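Q: I'm new to reading protein models and would love a close look at a single part. Could you walk me through the pocket in this one?

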Amino acid sequence: MDRRDAPTWIIIELTHLGEAKLEDGSLEKSLRSDLGVDRNFPIFIPATTYRKDGKDVTLRLIEGYVFVASGLPETDYFALESKPYIAQVMSTRPGPYKMRVLSTVPDSQVEDLRRQLQGLLASDIAIYDRVRVIEGTYRNLEGVVMGIHGDNAFVRINLRSMEVIATIPLISLKSLDPDDQESPSL
């Protein structure tokens, strides 16, 4: 595949209101509504919120920015600048005519950011946390962390006919809401 055909992402800077929407969980919904896209259209917010010890915890990889997949008419992205939660859509004005051109980043950089964010989440996983496996052989299965060694966790997963203790990289796990967790039976 030609590198020019690879997916790219539009960089959007948020205002303080945009940051507040990130905190209250409404940012993605607002973006989808204002762009007229459904839930399958890729949007990456380099932050995540989860509950720990009864409190919401927000981890931010990059403050003040969000990434939206390219593929829509440029005017759709630039129209976001009229919204109070958007500071600007990153662009350049090359050439003598000074016409705005969207600034983009390659998909590989956004995937790197996703991995970094998942690494931040994984560093907060502890023994007896209930987790979901997000990649690999046990993808989408849930279990309980029974131990941690280095970059791996030993996760007890109940299958239909048996129980296994699988060694899974921490970066492949996502903590589930602790309020929903039960004390594991040993």
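Which residues lie nearest the centre of the largest pocket, and how many residues line it?

A: Happy to! Keep in mind that this is a predicted model. The lining of the largest pocket is made up of 23 residues. Nearest the centre you will find Phe44, Ile45, Thr48, Arg114 and Leu117, so those are good places to start looking. 

Next, the space itself. The largest pocket holds about 850 Å³. Rolling a probe the size of a water molecule over the atoms shows where empty space is left.

Now for the walls. Four elements each give two or more residues to the lining of the largest pocket: the helices α2 (27-35) and α4 (107-122), and the strands β2 (43-44) and β3 (47-52). Of the elements, α4 gives the most, with six residues.

What kinds of residues are these? Sorted by class, the lining of the largest pocket has eleven nonpolar residues, seven charged ones and five polar ones. Among the residues nearest the centre, you can pick out Phe44 and Arg114 in the 3D view.

To put the pocket side by side with another part of the model, try the strands further along the chain. Strand β11 (residues 142-149) pairs with strand β12 (residues 152-158) in the antiparallel sense, over six bridges. Within that pairing, isoleucine 148 stands opposite alanine 153 of β12. Two residues sit between the strands of this hairpin, and glycine 150 takes a positive phi near 65° there. Strand β11 is also joined to β10 (residues 130-133) by three bridges, again antiparallel, with valine 131 partnered by glycine 143.

Note on methods: Residues are numbered from 1 along each chain as its sequence is written. This is a predicted model: local features need pLDDT of at least 70, side-chain atom pairs count only at pLDDT 80 or more; totals for chains, interfaces and linings use all residues. Side-chain values use heavy atoms; hydrogens and water are left out. On a 1 Å grid over the protein atoms alone, a cavity is a set of points where a 1.4 Å probe fits but cannot get out, and a pocket is an open set with protein on both sides within 12 Å along at least five of seven lines; lining residues have an atom within 4 Å of a point. Grid points are joined across faces, edges and corners, and a volume is the space filled by probe spheres set on the points. Ala, Val, Leu, Ile, Met, Phe, Trp, Tyr, Cys and Pro count as nonpolar, Asp, Glu, Lys and Arg as charged, and the others, Gly among them, as polar. Two strands pair if DSSP finds at least two bridges between them.
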